[in-house]
Amino acid sequence: MSNNPAGDWFEHPGEDVVFVGGALRIEFRAWRAVRLNEGDAIWYKGTQAHRWSYPSDQPTRLVLVTAQHGRDH
């Protein structure tokens, strides 16, 4: 099993929904790491510091939806 580097922490306005085909590990600075597998999904606020890594040598496909709502949108 590989664990490709996660890189820097990332924060942004809005919310993320991630749908996974393959394997993806998401670390949250103030929480715990979550491993997602084929068919899994997760929702989190983008303001939570997070970073991704790929825990498998197999290809990972994902759909990332980032949304921000407010009076100006």
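The exercises below, each with a worked solution, concern a predicted model.

**Exercise 1. The surroundings of His 12**

Determine where His 12 lies in the chain, whether His 12 is buried or exposed, and which residues His 12 touches.

Solution. Start with the position: His 12 belongs to the segment that precedes strand S1 (15–21). Next, take the relative accessibility, which is 14% for His 12. Buried means under 20%, so His 12 counts as buried. Then look at the side chain: a polar contact of 3.0 Å links it to the side chain of Asp 16. Finally, list the contacts, leaving out residues up to four places away in sequence; for His 12 these are Gly 46, Thr 47, His 50 and Thr 66.

**Exercise 2. The largest nonpolar core**

Find the residues of the largest nonpolar core and state which element gives the most to this core.

Solution. The core has ten residues in all: Val 18, Val 20, Leu 24, Ile 26, Phe 28, Val 34, Leu 36, Ile 42, Tyr 44 and Trp 52. Sorting by element, two or more residues come from each of S1, strand S2 (24–28), strand S3 (33–36) and strand S4 (41–45). S2 gives the most, with three residues. For one member of the core, Val 20, the contacts beyond four places in sequence can be added: Leu 36, Asn 37, Glu 38, Gly 39, Asp 40, Thr 60, Arg 61 and Leu 62.

**Exercise 3. Strand S2 and its partners**

Explain why S2 is described as largely enclosed, and identify the strands with which S2 pairs.

Solution. Consider burial before pairing. Four of the five residues of S2 are buried, so the strand is largely enclosed by the rest of the structure. Now take the pairing with S3, which is antiparallel and runs over four bridges. Within this pairing, Arg 25 has Arg 35 of S3 as its bridge partner. The connection from S2 to S3 is a hairpin of four residues. The pairing of S2 with strand S5 (residues 50–53) is likewise antiparallel, over four bridges. Here Glu 27 is bridged to Arg 51 in S5.

**Exercise 4. Aromatic rings**

Classify the pair formed by the rings of Phe 28 and Tyr 44, and describe the surroundings of Trp 31.

Solution. A pair of aromatic rings is described by the distance of the centres and the angle of the planes. The whole structure holds two aromatic pairs. For Phe 28 and Tyr 44, the ring centres are 5.1 Å apart and the planes stand at 75 degrees. Planes over 60 degrees apart count as edge-to-face, so this pair is edge-to-face. Phe 28 is in strand S2 and Tyr 44 in strand S4, so the pair ties together parts that are 16 residues apart in sequence. Both residues are buried. Together with Trp 31, Phe 28 and Tyr 44 form one aromatic cluster. Over the ring of Trp 31 sits the charged end of Arg 32, 4.7 Å from the ring centre.

**Exercise 5. Val 63**

Locate Val 63, assign its exposure class, and list the residues that Val 63 touches.

Solution. Val 63 is part of strand S6 (residues 61–67). Its relative accessibility is 47%, so Val 63 counts as partly exposed. Beyond four places in sequence, Val 63 touches Val 17, Val 18 and Phe 19. A C-alpha distance completes the solution: Val 63 and Gly 21 are 42 residues apart along the chain, and their C-alpha atoms are separated by 8.5 Å.

How values were computed
Residues are numbered from 1 along each chain as its sequence is written. This is a predicted model: local features need pLDDT of at least 70, side-chain atom pairs count only at pLDDT 80 or more; totals for chains, interfaces and linings use all residues. Side-chain values use heavy atoms; hydrogens and water are left out. Buried means under 20% relative accessible area, exposed over 50%, partly exposed in between (1.4 Å probe, protein chains only). A polar contact is a pair of N or O atoms within 3.5 Å; within protein, one must be able to donate a hydrogen and the other to accept it, and residues adjacent in sequence count only if both atoms are side-chain atoms. Contact means heavy atoms within 4.5 Å. A nonpolar core is a set of buried Ala, Val, Leu, Ile, Met, Phe, Trp, Tyr and Cys residues joined through side-chain atoms within 4.5 Å. Two strands pair if DSSP finds at least two bridges between them. Rings of Phe, Tyr and Trp (its six-membered ring) pair if their centres lie within 6.5 Å; planes under 30 degrees apart count as stacked, over 60 as edge-to-face and the rest as tilted. A charge sits over a ring if NZ of Lys or CZ of Arg is within 6 Å of the ring centre and within 35 degrees of the ring normal.
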